Amino acid sequence: MKLLLSLLLTLPLAAQTPQWPTKEATVSLPNFHFKDGETLPSLNLHYLTLGTPHRDAHGHTDNAVLLLHGTGGDAHSLLAPQFSSVLFGPGQPLDITKFFLILPDDIGHGQSSKPSDGQHMHFPQYDYDDMVASQHQMLLESLHVDHLRLILGTSMGCMQSFVWGEAYPDFMDALAPFACLPVPLAGRNRMMRYMAIQDIKLDPEWKNGEYTAQPLQGIRAANELLLVMGSAPLQMQKNYPTRQAAETYVDKYLERADAHVDANDMIFYLNASRNYDPSAKLSTITAPLLWINSADDFINPPELGIAEKLAPQIPHGKFILIPISDATRGHGTHTQAIVWKQYLIDLLAQTAK
């Protein structure tokens with residue numbers, strides 16, 4: 001993402017989420033093999049769908065769109081109004097009367113298999129390659145979707161979009177990774193993740209993952225880091241201009257965020273990016289790719305110059321850096337669809353068959 005901080009972005013919006021006519025299901029993938037050799041007798045993947053699949057004259061799906069959430073999020077994250085209300089309605093870019101939208105809960109998230117189901121720290125140490133492999137298997141075996149019109153991923157989903165483009169280059173017509181960099185997570189990004197993980201593990205109440213009550217001090221410290229990493233300075237200054245307003249926001253945010261986190265789940269999903277590195281194979285991505293970052297993204301700061309260096313290596317890639325404005329939201333700009341909607345419209349038009 002590099003980090004969604006979905007708690008920051010979605011929890012305050014829960015009561016405002018539009019009521020879309022979603023369908024939901026869970027597929028069980030038997031004897032799922034993880035990249036490091038571990039297996040699960042049954043890996044459960046939960047997902048939501050909107051719309052109806054369509055098949056072309058050859059029987060291949062031609063209107064399916066995979067929407068990938070960020071770290072700590074779930075299938076409902078991209079139902080937030082600033083995303084779904086701008087994209088899913090009649091005449092909008094992802095109009096659900098025309099497209100079949102698929103929103104999975106990734107491994108370790110939502111209602112899919114995760115450490116808190118019972119295995120705790122003995123749960124397989126999944127990574128992004130495992131997540132993408134499970135999504136691919138879910139599409140084929142449960143939804144019978146053999147081709148995607150588009151993969152749009154935010155934050156962690158952004159990084160998974162690059163993995164998808166390299167692992168299954170012919171599976172999609174277009175890719176839209178928003179808010180990430182296709183390089184190993186190092187520097188400040190990895191430092192932040194490592195500190196958050198250590199905050200939990202060093203809490204005496206964590207008990208090597210066998211706690212009977214959540215280690216709240218560790219969770220609070222981790223969420224404090226995530227709040228800062230996902231913040232947008234312009235909006236924070238504008239919306240909380242006094243000491244009291246700023247402190248009140250922090251207290252309320254942490255109260256909400258801490259209540260929605262399982263410590264082991266957080267350790268696993270923060271660490272899932274540890275092996276991520278699509279940089280060497282960017283030239284193998286053949287699908288047209290729209291890559292968008294925001295200039296006020298503290299997690300993926302533009303001054304690193306990484307995007308400008310790597311974008312030319314993607315044969316049909318286009319990189320857009322959104323300037324800071326009153327409409328951007330730092331890392332969370334990936335969910336502010338009004339900011340980048342026209343670029344998505346152009347991508348879909350350019351890749352229409």
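**Packing around helices α6 and α9, and the site of H109**

In this predicted model, I219, A222, N223 and L226 of α6 meet A263, M266 and L270 of α9, where contact means heavy atoms within 4.5 Å. By class, six nonpolar, one polar and no charged residues make up the contact of α6 with α9; Ala, Val, Leu, Ile, Met, Phe, Trp, Tyr, Cys and Pro count as nonpolar, Asp, Glu, Lys and Arg as charged, and the others, Gly among them, as polar. Residues are numbered from 1 along each chain as its sequence is written, and side-chain values use heavy atoms, with hydrogens and water left out. Because the model is predicted, local features need pLDDT of at least 70 and side-chain atom pairs count only at pLDDT 80 or more, while totals for chains, interfaces and linings use all residues.

**α6 and α9**

- Helix α6 (residues 216-229) and helix α9 (residues 263-271) have axes 11 Å apart, at an angle of about 40°; axes are lines fitted to C-alpha atoms, for helices over the stretch in contact, and angles run from 0 to 180 degrees between N-to-C directions.
- Helices (H or I, at least four residues) and strands (E, at least two) are DSSP runs, numbered from the N terminus.
- The two helices α6 and α9 are therefore oblique to each other (under 35 degrees is roughly parallel, over 145 roughly antiparallel, 65 to 115 roughly perpendicular, and the rest oblique).

**Burial and capping of α9**

- Nine of the nine residues of α9 are buried, so this helix is largely enclosed by the rest of the structure; buried means under 20% relative accessible area, exposed over 50%, partly exposed in between (1.4 Å probe, protein chains only).
- The cover over the buried residues of α9 includes α5 (187-201) and α6.
- At the N-terminal end of α9, D262 acts as the cap, with a side-chain oxygen 3.1 Å from the backbone nitrogen of N264.

**α6 and α8**

- The axes of α6 and helix α8 (residues 243-259) come within 10 Å and cross at roughly 120°.
- That makes α6 oblique to α8.
- On the α6 side, I219, R220, N223, E224 and L227 make the contact, and on the α8 side Y249, V250, D251, Y253, L254, A257 and D258.
- This contact of α6 with α8 has seven nonpolar, one polar and four charged residues.

**H109**

- H109 sits in the loop between β4 (100-104) and α3 (128-143), and H109 is buried, with a relative accessible area of 2%.
- The H109 side chain reaches the backbone oxygen of I107 at 2.9 Å.
- Beyond neighbours within four places in sequence, H109 is in contact with residues including H69, K114, M156 and Y269; Y269 is also among the buried residues of α9.

Methods. A polar contact is a pair of N or O atoms within 3.5 Å; within protein, one must be able to donate a hydrogen and the other to accept it, and residues adjacent in sequence count only if both atoms are side-chain atoms.
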